[in-house]
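Me: Could we go through the charged side-chain pairs here? Please keep the criteria explicit.
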2 protein chains.
Amino acid sequence: MNLKELSQALELSQTTVSRALNGYPEVSAETRSRVEEMARKLGYAPNQQARRLATGRSMSIGHVIPRSLHEMMNPVFMEFIAGAGETYSRHGYDMIISVVEDHNVEAAYREIASKKKTDAVMVHGPRSSDERPALLKELGLPFLIHGRVPGLEHATSWIDVNNGRAFERATNLLLDLGHRRIALLNGLEDMDFAARRRAGFDKAHHDRGLQTIPELLRAADMTEPYGADSALEMLKSPEPPTAFMVSSMITAIGVARAIGLCGLKIGRDISVITHDDALSFLPNCGDVPIFTCTRSSVRDAGSRAAQLLIEKILPNPDTIVSEHLEAELIIGQSTGPLPTQA
Amino acid sequence: MNLKELSQALELSQTTVSRALNGYPEVSAETRSRVEEMARKLGYAPNQQARRLATGRSMSIGHVIPRSLHEMMNPVFMEFIAGAGETYSRHGYDMIISVVEDHNVEAAYREIASKKKTDAVMVHGPRSSDERPALLKELGLPFLIHGRVPGLEHATSWIDVNNGRAFERATNLLLDLGHRRIALLNGLEDMDFAARRRAGFDKAHHDRGLQTIPELLRAADMTEPYGADSALEMLKSPEPPTAFMVSSMITAIGVARAIGLCGLKIGRDISVITHDDALSFLPNCGDVPIFTCTRSSVRDAGSRAAQLLIEKILPNPDTIVSEHLEAELIIGQSTGPLPTQA
DNA sequence: TTGAAAGCGTTACCAT
DNA sequence: ATGGTAACGCTTTCAA
């Protein structure tokens, strides 16, 4: 069933039928309802490919995922996608995901642009130095960044958790509780989000005239063993930390495991604060969450990002929009005052 | 730069240029190389939408994700996607992901079919009773199932881990070690994979004339707290289990936490075997993995699934292909002989 | 308010 | 081996 057949069945021109279905104002109310009814009855749906060719819009948004990025960001990324995907659907957009090797990222974007595959792209996991914004501008491909690229805050559109402030507040909480030896298990610090968390951590210390402790600072892929091994090593050192700031729930679970292995109790002997992306399979809620955390739903971020891209950037590709999401600081069972020395 | 312009630059017809670029045999070698060079020089890339309209093929594969499914399967799903995505790219296919509410799944498939959005779809997370195969057949949409639908093993194409056999072997390992009170923390058993694991678990018992113990059998969303809370409750009961079979690494981490909270040592006091999907952010490898596990890379499954779909099913939609993936049984640190009663 | 017809950029059939 | 031309199914401009 295509437009031609539908219009023949209605004894109308394709033009009128098309207009009726696409909400053009000049078609009479009666004709429109007649058309709509017949379309429903005959199960007509416009062919996507034809419409795309005719309008020049693909009605889809691209997500290019460098393998290296998604390796560790998988769960976070997926949750973002889920949020974005729902919003796309509501607006009639498709989501096209390309998983590519790192050295093929540029080629993937060039292909999207030259073949007119998608109307815009979402950029994930910006690094402190990232070439994608420049490339996408050159290609004329509208885009929104989930995160920020330093120096391009005013030149690109983005949505980002206020990572610096979140970690500054969390660190201050620990400092207020009396902790002075605070470990930081961060993500890889060439990722912008990790760099900002580090900066927030540092700032909280410096503002009180305190120094961070180099032996207690780590940056790596945020796996569970990373948390466990790092914590184990630190806790067994001559001068162990009394608290941990951790960049991911998964790593925090590793830290908790290590604390248990040392025969210590989390929240009493050792405090832990983690960032919580509110992943559905790692719930950390309840009356008193297991982990004290800085929480920001990455799913909501995805949904909001999609909305900004579709409603603001697509209609006017030169618009610059940016949005900060504040993370909540939620007190759970994993923090407590510095234990008095035994 | 489109085909017309390119052919003008070459002083050839569009027909010939198109043929040269698409590898048709009847074009002379010299012409072909001339065309290819010019195309490269001028940066020509065929417009995707036009090609789709002309060929009637969308060159894309759809993944419809019911929200309820992805809620818990997120990380597993993402890893599958990553594997599939790479294979799609290599074959020039796009991956379209639709995240929809459960009650919109049927509508989503109907839309894909009627609007000719994708050439085929991948079906995720089949339930013991699943209406999707019937719907997709009705719609004439080629598909491959990741998993199986009972009763349709010979009527549909699928790729699946041999879940039953994996859990049977793992259970036998525990029984061989002397364990007789084995708990099962399964996924929701209306999911086919969970039902098969349960069956394997049961069979291992029954083959030795043993009974499973109802109080030690659970089925739920595979979160970390599910593992911790269930294990805690069971371990504190009058007749605690001596071993756990767990359906997911994440849940197993919860079990490990509970064991620690009880002051017990995993692998010595309590044995644990988990299924390990080989997720990149939950590595369980090394010389001696933390968890004894049944391991099967879901990423490889994705890659293989994509290959089957593109190479077997698309060229001939009536083909039925099915493939079993065997899970490895890997001995880690979390299993040991039944402790002698104190 | 409605319709005819010209694109949109390919591919594919039929000639030559 | 190459070219002319008709699809593909829709949107959109121009006329009426």
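Reply: The turns below cover salt bridges and the places where they occur.

Reply: This is a predicted model, in which local features need pLDDT of at least 70 and side-chain atom pairs count only at pLDDT 80 or more, while totals for chains, interfaces and linings use all residues. Side-chain values use heavy atoms, with hydrogens and water left out, residues are numbered from 1 along each chain as its sequence is written, and chains are lettered from A and ligands numbered from 1 in the order in which they are written.

Me: How many salt bridges over all chains?
Reply: The search of the whole structure gives 48. A salt bridge is a side-chain nitrogen of Lys or Arg within 4 Å of a carboxyl oxygen of Asp or Glu.

Me: What does D94(B) pair with?
Reply: D94(B) pairs with K117(A), and their closest N and O atoms are 2.9 Å apart. The pair joins two chains, because D94(B) lies in strand 2 of chain B and K117(A) in the loop between helix 6 and strand 3 of chain A. Helices (H or I, at least four residues) and strands (E, at least two) are DSSP runs, numbered from the N terminus.

Me: Is D94(B) buried or exposed?
Reply: Both D94(B) and K117(A) are buried. Buried means under 20% relative accessible area, exposed over 50%, and partly exposed in between (1.4 Å probe, protein chains only).

Me: Changing topic, which residue forms a salt bridge with R196(B)?
Reply: E153(B) does, at 3.1 Å between the closest N and O atoms. R196(B) is buried at 18%, whereas E153(B) is partly exposed at 23%.

Me: Which residues are linked in a network?
Reply: Salt bridges link R52(A), D94(A), E111(B), K115(B) and K117(B) in a network.
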